[in-house]
Amino acid sequence: MTLVSLAEAAPLEIVPIGGRVGAEIRNVRLSGDLPDAAIAAINDALLAHKVVFFRGQDHLDDEAQEQFGRRLGALVPHPTQGAYGSSASILNLDSSRGGGRADQWHTDVTFVDAYPKFSVLRGVVIPEAGGDTIWSNTHAAYLSLPEPLRLLADNLRAVHSNLYDYASIRPRATAEERRHYEEVFSATVYETEHPVVRVHPETGERSLLLGNFVQRFVGLSKRDFAVLYDLFQSYVTAPENTVRWKWRSGDVVIWDNRATQHYAVNDYGDQHRIVRRVTIDGDVPVGVDGRPSIALSVTAKPTAKVA
């Protein structure tokens, strides 16, 4: 019996990890040839658990990762990062290069309007100790809010951008990381207005749409924004709404980018860490009031020199 037919014969084993977020999926060998029933089961598990984990997928290379990703939807390249090798879809996150340590709470690429639906991340080189990733269920965070705060969040809009005060957010960043941010990541500046609460297009659930790309709340002062942002974000990062994954080489993690934030723990010093990501094209968020997100501007930034 082949591994593909095994997936047809035996149901996937889905083992919850956290009480509110995260499940490990066993009894499957990821590939572009998985039967439709297995893909549907993975999609359903993503909607239910927000992030799903797979051990022992060492057979995957970049091409096979892309082939599997396409089963979940159309792949989309990162809007500001360059291509990796011959692939426009693979984002190579290498700790030895600028941009490889995403130690900020964020939802992927929310500085554009139709940001990715799913992200598929594969562990290539993993430190002996450290380098975990934490995910948060932003729907659970929304439900955790007291009712007055939910009503406030329902009516707020936020401007997201990839241009922000990098030095204050990452004061210990290396010169190479600062250079990468200035010359690559923010070479083209995007600004998008999103609802602070988006309605999930498949489940109808409400989730907090925040993360480190948020620059301000529309109509509020900088001071009021800072206070409210920290308050809402504290529910996102509350331990009961999170799950932490200890990577092994060959692991694959998929998350619903419409209902999560994540944080790559930067605790492994000069050990080497490489993970590679493909993302699945998303849709324009819609708020509780039915208003969609709005792309405000896309601007090429003059080249900056970093000492």
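Which residues does Phe 54 touch, not counting residues up to four places away in sequence? Phe 54 touches Ile 25, Val 28, Leu 30, Ile 42, Gly 250, Asp 251, Val 252 and Ile 254, where contact means heavy atoms within 4.5 Å. The model is a predicted one, in which local features need pLDDT of at least 70 and side-chain atom pairs count only at pLDDT 80 or more, while totals for chains, interfaces and linings use all residues. Residues are numbered from 1 along each chain as its sequence is written, and side-chain values use heavy atoms, with hydrogens and water left out.

**The nonpolar cores**

Phe 54 also belongs to the largest nonpolar core, which has 24 residues and in which Leu 30, Ile 42, Phe 54, Phe 68 and Ile 254 touch the most other members. A nonpolar core is here a set of buried Ala, Val, Leu, Ile, Met, Phe, Trp, Tyr and Cys residues joined through side-chain atoms within 4.5 Å, and buried means under 20% relative accessible area, with exposed over 50% and partly exposed in between (1.4 Å probe, protein chains only). At least two residues of this core come from each of α2, β3 (51-54), α3, β6, β14 and β16, and the largest share, five residues, is supplied by α2. These elements are DSSP runs numbered from the N terminus, helices being H or I of at least four residues and strands E of at least two. Apart from this core lies another, of 18 residues, among them Leu 149, Val 214, Phe 225 and Leu 228.

**Helix α3**

In helix α3 (residues 62-70), the buried residues are Ala 64, Gln 65, Glu 66, Phe 68 and Gly 69, and what covers them includes α2 (36-49), β4 (75-76), β6 (118-125), β14 (252-256) and β16 (274-280). The N-terminal end of α3 is capped by Asp 61, a side-chain oxygen of which lies 3.3 Å from the backbone nitrogen of Glu 63.

**Strand pairing**

Two strands are taken to pair if DSSP finds at least two bridges between them. An open sheet of four strands follows the order β12-β8-β9-β17 with antiparallel pairing; its edge strands, β12 (214-217) and β17 (294-300), each pair on one side only. Within this sheet, β8 (residues 157-161) is joined to β12 by three bridges, and Val 159 has Arg 216 as its bridge partner in β12. Elsewhere, strand β7 (residues 133-137) pairs with β15 in the antiparallel sense over five bridges, with Trp 135 standing opposite His 262. Four of the five residues of β15 (residues 260-264) are buried, so this strand is largely enclosed by the rest of the structure.

**Trp 255 and His 262**

Both residues of the table are buried, and the C-alpha separations link each to a residue distant in sequence.

| Residue | Strand | Relative accessible area | C-alpha separation |
|---|---|---|---|
| Trp 255 | β14 | 1% | 10.0 Å to Ala 45 |
| His 262 | β15 | 7% | 5.4 Å to Ile 134 |Trp 255 and Ala 45 are 210 residues apart in sequence, and His 262 and Ile 134 are 128 residues apart along the chain. Leaving aside neighbours within four places in sequence, His 262 is in contact with Gln 104, Trp 105, His 106, Asp 108, Thr 133, Ile 134, Trp 135 and Trp 255. The side chain of His 262 also makes a polar contact with the side chain of Asp 108 at 3.3 Å, a polar contact being a pair of N or O atoms within 3.5 Å of which, within protein, one must be able to donate a hydrogen and the other to accept it, while residues adjacent in sequence count only if both atoms are side-chain atoms.

Notes. Polar contact = N/O pair within 3.5 Å; in protein donor to acceptor, adjacent residues only side chain to side chain.
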